[in-house]
Amino acid sequence: MRVHLINPSEVSFGTAVITPRWLYVLAAATPATFGDPCLVDETLEAVDPDQIQPGDIVGIGIHTANALRGYKIGTMARARGAYVVFGGIHATLYPNESHELGGAHVVVKGDGDVVWAKVLSDCSQGTPLHVYEGGRIEASEFLPARWDLVPRKSYMWASVQTVRGCPKHCSFCSVWRTDGQRPRQRGSDAVIEEIVQLRRLGFRFIALADDNFYPVTLTDISLAEAQHNTHRVNELKAIRAERFALMARLAQLPPDTIFFTQITMEAAEDTDFLDAMNAAHIKGALVGVESVTPAGLKDVYKEFNASGADLVEQLRTFRRHGVYVLGSFIFGLPSDRPETFQATALAAAQAEVAFAQFVTLTPYPGTVDFNRWEKDLGASPIQIGGVPITRRWLIPQGLRPKLYWTHPTMSAEEIRKNTQDVWDTFYSLKSVWLRSRFIKSMRARLAFVLISKIYRQMYADTGISTDSARVSRSAQWVRWLAKPCQRLFAAPEMPHLKLPEVWSASTSAKETSCELAN
Ligand code: SF4
């Protein structure tokens, strides 16, 4: 009996940008008695069915975008006599679908870190349950990943998680509803050990794959203080202090280490935090800008974001403090008008974001937007290829619409075309080269240009293009560029790298500055 863990993907590039962390975490959760699991990331290469034998256990992790491919793999694995187990956000939201369409014997809902060993044990005894509730485990139970199993030369970035959950409640996002609004933050010891292991292996680019790296704002602390809620104030300050503790230790890593994370724009209020990020080599962050207008922010329940000139200033603050921004913008919001596209492109340029993504408003299961959309469509939504549009991920890839909302003033094609134009403008070679001016070394500048072009091909053409020839040219292009790009990202192994020293709260200037800021 062998355990297989499979990350489904319709497209394989041979080299991937980022490690799918869940594969290596569930590998760690697999008891030694089962041996090392066979890990398959289909963004590298497609699964080989001949490797799956009767009695094997096949774990498949799905999110909405790769659910259909996951179901094909599950059906194949079950036909070959394996036990099929589904997990991940999509399986948590739609467990019956995995059973009905994916050949699942088992669905694991919620976090898999702890419950996985029980699933394997039950399958090995021939008594698996239909559904296991993994729930939301505490941060102290998060498992460190088995990085000893990673094919080092196949990935540009490794991924480590430091916090799960986000206190916000954006209408298009499922994180706060699936991972919860209470930040579950790992202690710095556990995080730093994984990071040092990765650096020893030769990864110097590491994504901190967090829902929100800034889980406590200064405003949160001030509000709790105004309410004289001492317990809450202490709790929030402890979370904040742990962030600084982690960053102080990351700062001791070799200077060429680079981290990237995901954070809310509110962090611009907290320049101590940004300075600590810079010192900790956290040089880049995805910031959900979403819209450049107050009406657009209202559309997505994200009024805590700035707009207009304040927005530009806040994003520039990140850059002034050494944190380069990947700005994420949404098009197709009800308040958007034709002029919104150019205004957004201009704001992105003025704000000096290093990278940007321009996505069209899409209803994701588990979100407020999705529920509203599904309700609006009523009991008999239109069908495409025999599939109701409210189960859009089951529609064959080539037939899927590019947009799902009826906009009050613009046609779907108008939104799609304008979105594509903004991508094309932002990622023209001239614009990318100009944006790379802040980088001193030619090698690093070249890496910036390459990753910009790969990013654009991977996410723009495969996402919004309606031209299948263009999509396939893009995939080809990425395959061709990814290998040399991976070499630019690699670093020599550092087998003797020591763990950074433990940071002492009593000697921290940062805690003092937090007090002053309040
Ligand atoms: S979009 Fe970002 S800030 Fe909003 S709920 Fe999701 S993770 Fe939190």
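These exercises work through two sheets, a tryptophan and a helix pair in one predicted model.

Residues are numbered from 1 along each chain as its sequence is written. The model is predicted, so local features need pLDDT of at least 70, side-chain atom pairs count only at pLDDT 80 or more, totals for chains, interfaces and linings use all residues, and side-chain values use heavy atoms, with hydrogens and water left out.

**Exercise 1. State the strand order of the six-strand sheet and find its edges.**

Solution.
- Elements are DSSP runs numbered from the N terminus: helices (H or I) have at least four residues, strands (E) at least two.
- Two strands pair if DSSP finds at least two bridges between them.
- The order is E3-E1-E4-E5-E6-E7, in an open sheet with parallel pairing.
- E3 (38–41) and E7 (131–135) each have a single partner strand, so one side of each lacks a neighbour in the sheet.
- The twist averages 20° from one strand to the next.
- Check one pair: E5 (residues 83–87) and E6 (residues 106–110) run parallel and are joined by two bridges. Phenylalanine 86 stands opposite valine 107 in E6.

**Exercise 2. Which strands do helices H1 and H2 touch?**

Solution.
- Contact means heavy atoms within 4.5 Å.
- Axes are lines fitted to C-alpha atoms, for helices over the stretch in contact; angles run from 0 to 180 degrees between N-to-C directions.
- H1 (residues 21–29) packs on the sheet against E1 (3–7), E3 and E4 (57–61), and its direction makes about 165° with that of E1.
- H2 (residues 67–79) packs on the sheet and touches E1, E4 and E5; its direction makes about 160° with that of E5.

**Exercise 3. Lay out the seven-strand sheet and follow E14 through it.**

Solution.
- The order is E2-E8-E11-E12-E13-E14-E15, again open and parallel.
- E2 (16–18) and E15 are the edge strands, each pairing on one side only.
- Neighbouring strands are turned by 25° against each other on average, direction ignored.
- E11 (residues 205–208) pairs with E12 (residues 258–263) in the parallel sense over three bridges.
- Six bridges join E13 (residues 282–290) to E14. Glycine 284 has tyrosine 324 as its bridge partner in E14.
- E14 also pairs with E15 (residues 355–360) over six bridges. Here glycine 327 stands opposite alanine 356.
- Seven of the eight residues of E14 (residues 324–331) are buried (under 20% relative accessible area; exposed is over 50%, partly exposed in between, 1.4 Å probe, protein chains only). E14 is therefore largely enclosed by the rest of the structure.

**Exercise 4. Is tryptophan 157 buried or exposed?**

Solution.
- Locate tryptophan 157: strand E8 (residues 155–160).
- Its relative accessible area is 12%, so tryptophan 157 is buried.
- List the contacts, leaving out residues up to four places away in sequence: among them are Val17, Ile18, Phe205, Ile206, Phe259 and Phe489.

**Exercise 5. Classify the packing of H13 and H15.**

Solution.
- H13 (residues 338–350) and H15 (residues 412–426) pack at about 20°, with axes 10 Å apart.
- H13 is therefore roughly parallel to H15. The cut-offs: under 35 degrees is roughly parallel, over 145 roughly antiparallel, 65 to 115 roughly perpendicular, the rest oblique.
- Residues that meet include Phe341 and Ala345 in H13, and Ile415 and Val422 in H15.
- By class, the contact has seven nonpolar, two polar and one charged residues. Nonpolar covers Ala, Val, Leu, Ile, Met, Phe, Trp, Tyr, Cys and Pro; charged covers Asp, Glu, Lys and Arg; the others, Gly among them, are polar.
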